[in-house]
Amino acid sequence: MLALNNKVNYLKKSLAAELLKLFFEDELHTKINNIPIERAPKFSQPVDCCIFKDRAMVRNKIMALLGINIEKEEDETKDLSFFLEKALKREKVNCPVLTVIDIACHSCEKEHYYVTDLCQGCSARPCESNCPVGAIKVVNGRSVIDQNKCVKCGRCKEMCPYNAIVYKTVPCESNCPVGAISRDPETRKAKIDYDKCIYCGKCTKSCPFGAIMDRSQIIDVAKNLKDGKNMIALVAPSIVGQFPGTVFQMVSALKKVGFSKVYEVAYGADLTSKSEVKEFIEKVKSGEQSMMSNSCCPAWVKTAKKHIPEFSKFVSDTPTPMAFIAQIAKEEVPSSITVFIGPCIAKKFEAIHNADVDYVLTFEELGAFFIARGIEISELSENEFDSPISTGVGRGFPISGGVVEAIKYYVSEICGEEASDELKPFKIDGLNKKNISILKRIAKSENDFNFVEVMACEDGCVGGPGVISNPNLCGRKVESYSKESSVGG
Amino acid sequence: MVEVKICIGTACYVMGGANFLLIKEKLSDKERKKVKLEFVPCLGYCKSGKGKPPFVLINGKIYEKIVDVDALIEIIRENIEK
Ligand code: FES
């Protein structure tokens, strides 16, 4: 995957901040059509082949930020204000949560081995003599690979003394853990197969052209804030360390943005853990089934359902932390609009199927709100969360291993200290092709563990596709916040 | 001595400055001795519309749009060599 900070990401965040700023200043309607030109004015140095392509890129990225399903938009004559209108009119957001920007897609060639011009056409020709299928010939003093014969074993690359042979990948395809991305046979543009997609968002973080984006809900949230609706922010525990200032200054910042209440999803994580432990006692401790796995990561739950059906029966039925806290919010203030704020794209999918969660923002998107409103978080006073205090283990949920810690804690809380030995955990840190095959094997074999924690993102939620901060830095802050809890864990 | 004032105001932090917190770990011991690092609140540039965040002030000169921590280290190294 790409580094956390890069120019694709930068453009997205800065466009989001600009759209929101103009929206709150009542100027978006009149100015939105000009943004692509302002971002790539005449005689400026183009990023892509020319300023016109740059403008088209900006236009399409704005469309994704307005939440438009770009694949479905056929009429290219419509200007951005038309799409803004459309976004402002919608009452609800819908699936799919991702969208492919065909104009940005580079139509990468199929993955293949390629001989670069470092090839010296040497006399030993180790590439040619080591190829098991005779796919390499030297033409005009340079090795050439016959792609029809090549079996992609990589021997030639290994043998070349000049490192002249490279493997050219297709970043979105090779980072998709479940093979959900293919290319249109004619146009070679990327296509997502939603029967396979698990909404992990890894493609959005790997395409160097930014051709796959999640459909943002910033405009939906901004509209409701501007209309003075009663909005409740549900903030995921990985928010600790995403922004400058303290967690409690963050609460004030959210209130300044216009949220009437701020609930901590870490408290929901406590409820999830307690409920999962009860399930563990009923199902695993009783001997009814051999193991159990967490349900809090929606990308993992989807992976089990769609790709490892034999594992599905081991995945817990317990509602996620988001579901628990959203239910509390809606019970307390039935007329409220709830907004989950987290690092995750799969949560957008989960929320569409949960009536208690109205919208989802990523941390990047929330950052755009702060910039648009000119909020200096570290200058604000501190404010308590409006939800009950979370435990240390609830706060530790977003780091790999955090779920196991929480389950361990509640097993000994509920069944006594000695019982915690009965929990035998195993961890999968990040879904990739290799880990998925491990999970497939686990599902069918006898194992010496009985609880499997799976996090779709490496390092846990702190490594999610919507984060701002380095996962290690954020992880350390999550740990110290977790130690500060006054209610145990 | 190279004086480095890293802005960790909201705009700079969100646009990539969050990663600047890694800088201490990334500079060598030798380099660290030659650099005076300071993390400062919003320098005001983000609101003036001049330039793009993240901003870093190095020996009184403002640098803009430093996309990641490695780019910042490069600039600091150039200044050490001056
Ligand atoms: S946040 Fe850095 S200049 Fe304002």
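A crossing of two helices is right-handed if the near helix is turned clockwise from the far one by less than a right angle. In this predicted model, helix α11 of chain A passes helix α18 of chain A in just such a right-handed crossing. Helix α11(A) spans residues 265-285, and α18(A) spans residues 402-415. Their axes lie 9 Å apart and meet at an angle of about 65°. From α11(A), the contact draws on Asp270(A), Ser273(A), Lys274(A), Glu276(A), Val277(A) and Ile281(A). From α18(A), the contributors are Val403(A), Ala406(A), Ile407(A), Tyr410(A), Val411(A), Ile414(A) and Cys415(A). Nine of the contact residues are nonpolar, one is polar and three are charged.

A second helix pair involves α5(A), residues 80-89, and α9(A), residues 218-226. The axes of these helices come within 9 Å and cross at roughly 65°. The crossing of α5(A) with α9(A) is right-handed. On the α5(A) side, Leu84(A), Ala87(A) and Leu88(A) take part. They meet Ile219(A), Asp220(A) and Lys223(A) of α9(A). This contact comprises four nonpolar residues, two charged residues and no polar ones.

Aromatic pairs were examined next. The structure holds 14 of them over all chains. One is formed by Phe248(A) and Phe385(A), whose rings are arranged edge-to-face. The ring centres are 6.2 Å apart, with 70° between the planes. Phe248(A) belongs to helix α10(A), residues 247-257, whereas Phe385(A) sits in the loop between α16(A) and α17(A). The pair therefore ties together parts that are 137 residues apart in sequence. Phe385(A) has a relative accessibility of 12%. Phe385(A) counts as buried because this value falls under the 20% cut-off. Elsewhere, Phe23(A), Phe24(A) and Phe369(A) form one aromatic cluster.

Charged side chains also lie over aromatic rings. Lys226(A) is placed over the face of Phe23(A), 4.2 Å from the ring centre. Phe23(A) is also a member of the aromatic cluster with Phe24(A) and Phe369(A). Arg395(A) has its charged end over the ring of Tyr481(A), at 3.9 Å from the centre.

Ser437(A) was considered last. This residue lies in helix α19(A), residues 433-444. Its relative accessible area is 37%. Ser437(A) is therefore partly exposed, as the value falls between the 20% and 50% limits. Ser437(A) and Ile308(A) are 129 residues apart along the chain. Their C-alpha atoms are separated by 9.1 Å.

Methods. Residues numbered from 1 in each chain as written. Chains lettered and ligands numbered in written order. Predicted model: local features only at pLDDT ≥ 70, side-chain atom pairs only at ≥ 80, totals over all residues. Heavy atoms only, no water. Axes fitted to C-alpha atoms, helices over the stretch in contact; angles between N-to-C directions. Helix = DSSP H or I, 4+ residues; strand = E, 2+ residues; numbered from the N terminus. Contact = heavy atoms within 4.5 Å. Nonpolar A, V, L, I, M, F, W, Y, C, P; charged D, E, K, R; others polar. Phe/Tyr/Trp six-rings, centres within 6.5 Å; stacked < 30°, edge-to-face > 60°. Buried < 20%, exposed > 50% of the residue type's maximum accessible area, 1.4 Å probe, protein only. Lys NZ or Arg CZ within 6 Å of the ring centre and 35° of its normal.
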